[in-house]
Amino acid sequence: MTAGGDVNQLISIQPNDLKFIIELDKQNFCDLQVTNNTEHHVAFKVKTTSPKKYFVRPNTGIVLPHDSCVIRVTLQPRREYPHDMQCKDKFLLQSTIVPRNTNMDDLQADTFNKDGTKEIQECKLKVIYETNSDDGGFKSFTSQSPDSTRVSLFGLTTP
């Protein structure tokens, strides 16, 4: 699944990257709009490799047919700038079709397990750190492209 969306994808996500302006001792957030591209109810779950650094709300949810919702990812305050402003953090958004009238309390713990009985689609998001530059603009520092390396899902945890 690509972040921008595809006609065969359950959901589309905007923007394509999580961008955070790094300011010491301040929280920063990025909002993701998740749109259901189908006639079905679609459940989603957000996972990250660094659950202590980010606050994700909601980290699970159900999007009604052709509806959308906003996920806010908040970067917790930092006491120092990251080394070389590089970020190796990764996010994974999983989605799957669920029965009509399913609510959050009905989602089973194994809803997003890949057991071969249901289709789980995944979208990898990269993190971009930005700082204020001397000329009033922003300098961007990008994490490695999630598509350029293999990501072990066993290393990802729910925030």
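# Predicted all-strand chain: report

Glu-122 is buried, its relative accessible area being 17%; here buried denotes under 20% relative accessible area, exposed over 50%, and partly exposed the range in between (1.4 Å probe, protein chains only). The structure is a predicted model, in which local features need pLDDT of at least 70 and side-chain atom pairs count only at pLDDT 80 or more, while totals for chains, interfaces and linings use all residues. Residues are numbered from 1 along each chain as its sequence is written, and side-chain values use heavy atoms, with hydrogens and water left out.

## Salt bridges

Glu-122 forms a salt bridge with Lys-114, with 3.1 Å between the closest N and O atoms. The criterion is a side-chain nitrogen of Lys or Arg within 4 Å of a carboxyl oxygen of Asp or Glu. Side chains of opposite charge can pair when their charged atoms come close. A search of the whole structure returns six salt bridges; three of them are tabulated below, with the relative accessibility of each partner.

| Basic residue | Acidic residue | N to O distance |
|---|---|---|
| Lys-114, exposed (52%) | Glu-122, buried (17%) | 3.1 Å |
| Lys-26, partly exposed (48%) | Glu-23, partly exposed (29%) | 3.5 Å |
| Lys-118, partly exposed (28%) | Asp-115, partly exposed (43%) | 3.6 Å |

In the first row, an exposed Lys-114 meets a buried Glu-122. In the second, Glu-23 and Lys-26 are each partly exposed. The third row joins Lys-118, at 28% relative accessibility, to Asp-115, at 43%.

## Overall composition

The protein chain contains zero helices and ten strands. Both element types are DSSP runs numbered from the N terminus, helices being H or I runs of at least four residues and strands E runs of at least two. From the N terminus on, the order of elements is therefore β-β-β-β-β-β-β-β-β-β.

Of the 159 residues in the protein chain, 41% are buried. The accessible surface amounts to about 9,200 Å², with 46% belonging to carbon and sulfur atoms; areas follow the Shrake-Rupley method with a 1.4 Å probe, and for residues only the protein chains shown count as cover. Contacts (heavy atoms within 4.5 Å) often span long sequence separations: among those between residues at least 6 apart in sequence, 67% join residues at least 24 apart.

## Confidence

The mean pLDDT, the predictor's confidence in each residue from 0 to 100, is 83 for the protein chain, and 79% of residues reach 70 or more. Confidence is highest in strand 7 (residues 68-75), at a mean of 98, and lowest in strand 10 (residues 138-142), at 59. Over residues 144-158 the pLDDT falls below 50, and this stretch has 30 contacts in the model beyond near neighbours in sequence. Where pLDDT is low, the predicted coordinates should not be read in detail.

## The four-stranded sheet

An open sheet of four strands has the order 1-3-7-5, with antiparallel pairing; two strands count as paired if DSSP finds at least two bridges between them. Strand 1 (11-14) and strand 5 (54-57) form the edges, each pairing on one side only. On average, neighbouring strands of the sheet are turned by 20 degrees against each other, direction ignored. The underlying axes are lines fitted to C-alpha atoms, for helices over the stretch in contact, and angles run from 0 to 180 degrees between N-to-C directions.

Strand 3 (residues 28-36) and strand 7 run antiparallel and are joined by eight bridges. Within strand 7, Ile-71 is the residue opposite Leu-32. Strand 5 likewise runs antiparallel to strand 7, with four bridges between the two. Tyr-54 has Leu-75 of strand 7 as its bridge partner, and Arg-57 has Arg-72 of strand 7.

## Backbone features

Arg-57 also takes part in a cis peptide bond, leading to Pro-58 with omega near -10 degrees. Pro-58 lies in the loop between strand 5 and strand 6 (60-63). A cis peptide bond also links Gln-14 and Pro-15, with omega about -5 degrees; Pro-15 belongs to the loop between strand 1 and strand 2 (17-21).

Positive phi values occur in residues other than glycine. For His-66, phi is near 55 degrees, and the residue sits in the loop between strand 6 and strand 7. Asn-101 has a phi of about 70 degrees and is placed in the loop between strand 8 (90-98) and strand 9 (121-132). At 68% relative accessibility, Asn-101 is exposed.
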